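Please open the model in a viewer, with the sequence panel alongside, and follow the selections below in turn. Each stop says what to select and what is found there.

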Amino acid sequence: MTENAVLRLRAERLARATRPFLARGNRIRRCQRCLLPLKQCLCETLQPQNARSRFCLVMFDTEPMKPSNTGRLIADILPDTEAFQWSRTEPPQALLDLVSSPNYQPMVVFPASYANAGREVLTTPPKTAKPPLFIMLDGTWTEARKMFRKSPYLDQLPVISVDLSIVSAYRLREAHADGQYCTAEVAAALLALADDEHAAVGLTEHFTLFRERYLAGKPHHQSSITAAETESV
């Protein structure tokens with residue numbers, strides 16, 4: 001089992017749990033790495049890529065434990081991805097250290113319309129000597145907005161807003177509005193904008209296969225895609 005930050009965060013969250021986490025489809029026997037049904041496991045298909053860009057996932061509560069989460073797909077393809085549990089008042093010191101590191105150009109990935117007046121908003125990663133550090137708020141849309149509003153340690157960072165002009169392929173949770181995309185889709189777009197083309201293609205292919213196998217593992221999947229809030233950034 002290839003280790004990454006999301007798997008470690010999931011293990012830590014499970015260890016703290018006082019009762020079992022029961023996601024939809026909890027009776028299905030799942031691979032404990034990719035969380036897909038055993039017959040649909042895609043672990044043997046993983047092909048990690050190199051990239052100049054780095055990602056930092058700030059994940060809301062039980063998000064690392066959800067089979068439908070696509071943030072962990074980023075860590076599958078880019079093993080140096082960092083992942084942290086979100087806290088409004090007690091952020092992990094490792095997160096604060098990463099955000100303030102002089103080695104990277106950090107930016108928060110979120111729609112421009114939510115940025116306060118005066119906050120720097122980017123549409124493409126800046127072309128600097130420092131690699132971009134994309135900070136992604138990973139949760140349902142409601143949770144992501146809460147994290148964006150209530151993370152003072154991120155308030156001084158620029159916001160990068162990506163306009164994906166395609167219809168989202170994500171059908172594991174339903175979007176509440178046009179223009180909302182899942183974490184992996186946005187990450188692939190950011191990689192392309194940052195000229196990390198091979199990683200962008202690798203993540204897109206991994207996401208596509210994950211989506212196909214996730215839906216194939218759902219009973220009567222064509223008619224049983226239920227409504228839930230989308231993870232979106």
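**First stop: the edge pair**

In strand 2, Ala83 is the bridge partner of Leu57, and Phe84 in strand 2 is likewise the bridge partner of Val58. The model in the viewer is a predicted one, and this holds for every stop of the tour. Select residues 54-59, which form strand 1, together with residues 82-85, which form strand 2, and the two will be seen to run parallel, joined by 4 bridges. Adding residues 71-77, which are helix 2, completes a right-handed β-α-β unit made of strand 1, helix 2 and strand 2. Next, select residues 5-16: this is helix 1, which lies across strand 1 and strand 2 and runs at about 20° to strand 2.

**Second stop: the whole sheet**

Now colour the chain by secondary structure, so as to show its 6 helices and 6 strands. Followed along the sequence, these elements give the pattern α-β-α-β-α-β-β-β-α-β-α-α. The 6 strands make an open sheet with parallel pairing, and their order across the sheet is 2-1-5-3-6-4. Strand 2 and strand 4, the latter at 121-122, stand at the edges, and because each has a single partner strand, one side of each is left without a neighbour in the sheet.

**Third stop: strand 3 and its partners**

Select residues 105-109, which are strand 3; 4 of the 5 residues of this strand are buried, and it is described accordingly as mostly covered. Strand 3 runs parallel to strand 5, at residues 132-138, and 5 bridges join the two; a place to look is Val108, which stands opposite Ile135 in strand 5. Strand 3 also runs parallel to strand 6, at residues 159-160, with 2 bridges between them, and here Val109 stands opposite Ile160 in strand 6. With these strands still shown, add residues 141-149, which are helix 4: this helix lies across strand 1, strand 3, strand 5 and strand 6, and runs at about 125° to strand 5.

**Fourth stop: a polar contact at helix 5**

Which side chain makes a polar contact with the side chain of Asp138? Select Thr183, which lies in helix 5, residues 183-193; the contact between the side chains of Thr183 and Asp138 is at 3.0 Å. Is Thr183 buried or exposed? Thr183 has a relative accessible area of 1%, and because the limit for a buried residue is under 20%, Thr183 counts as buried.

**Fifth stop: the nonpolar cores**

Show side chains next, beginning with Phe55, Ile74, Phe134, Met136, Leu190 and Leu203, which have the most contacts inside the largest nonpolar core, a set of 42 residues. The elements that give two or more residues to this core are helix 1, strand 1, helix 2, strand 3, strand 5, helix 5 and helix 6, the last of these at 197-216. A second core, separate from that one, has 23 residues, and Trp86, Ile135, Trp141 and Ala144 are among them. In soluble globular proteins, nonpolar side chains tend to be buried together. Over the chain of 233 residues, 52% count as buried.

**Sixth stop: residues in the loops**

Select Leu35, in the loop between helix 1 and strand 1. Leu35 is not a glycine, yet its phi is positive, at about 65°, and with a relative accessibility of 3% Leu35 counts as buried. Then move to the loop between strand 1 and helix 2, where Asp61 lies. Asp61 also has a positive phi in a residue other than glycine, near 35°, but with a relative accessibility of 34% Asp61 counts as partly exposed.

Met65 is found in this loop between strand 1 and helix 2 as well, and Met65 is buried, with a relative accessible area of 4%. How far apart in space are Met65 and Leu14, C-alpha to C-alpha? The distance is 7.9 Å, although the two are 51 residues apart in sequence. For the chain as a whole, 81% of the contacts with a separation of 6 or more are between residues 24 or more positions apart.

Key. Residues numbered from 1 in each chain as written. Predicted model: local features only at pLDDT ≥ 70, side-chain atom pairs only at ≥ 80, totals over all residues. Heavy atoms only, no water. Buried < 20%, exposed > 50% of the residue type's maximum accessible area, 1.4 Å probe, protein only. Pairing = 2+ DSSP bridges. Right-handed = clockwise from strand over helix to strand, strands pointing away. Polar contact = N/O pair within 3.5 Å; in protein donor to acceptor, adjacent residues only side chain to side chain. Contact = heavy atoms within 4.5 Å. Axes fitted to C-alpha atoms, helices over the stretch in contact; angles between N-to-C directions. Core = buried A, V, L, I, M, F, W, Y, C linked by side-chain atoms within 4.5 Å.
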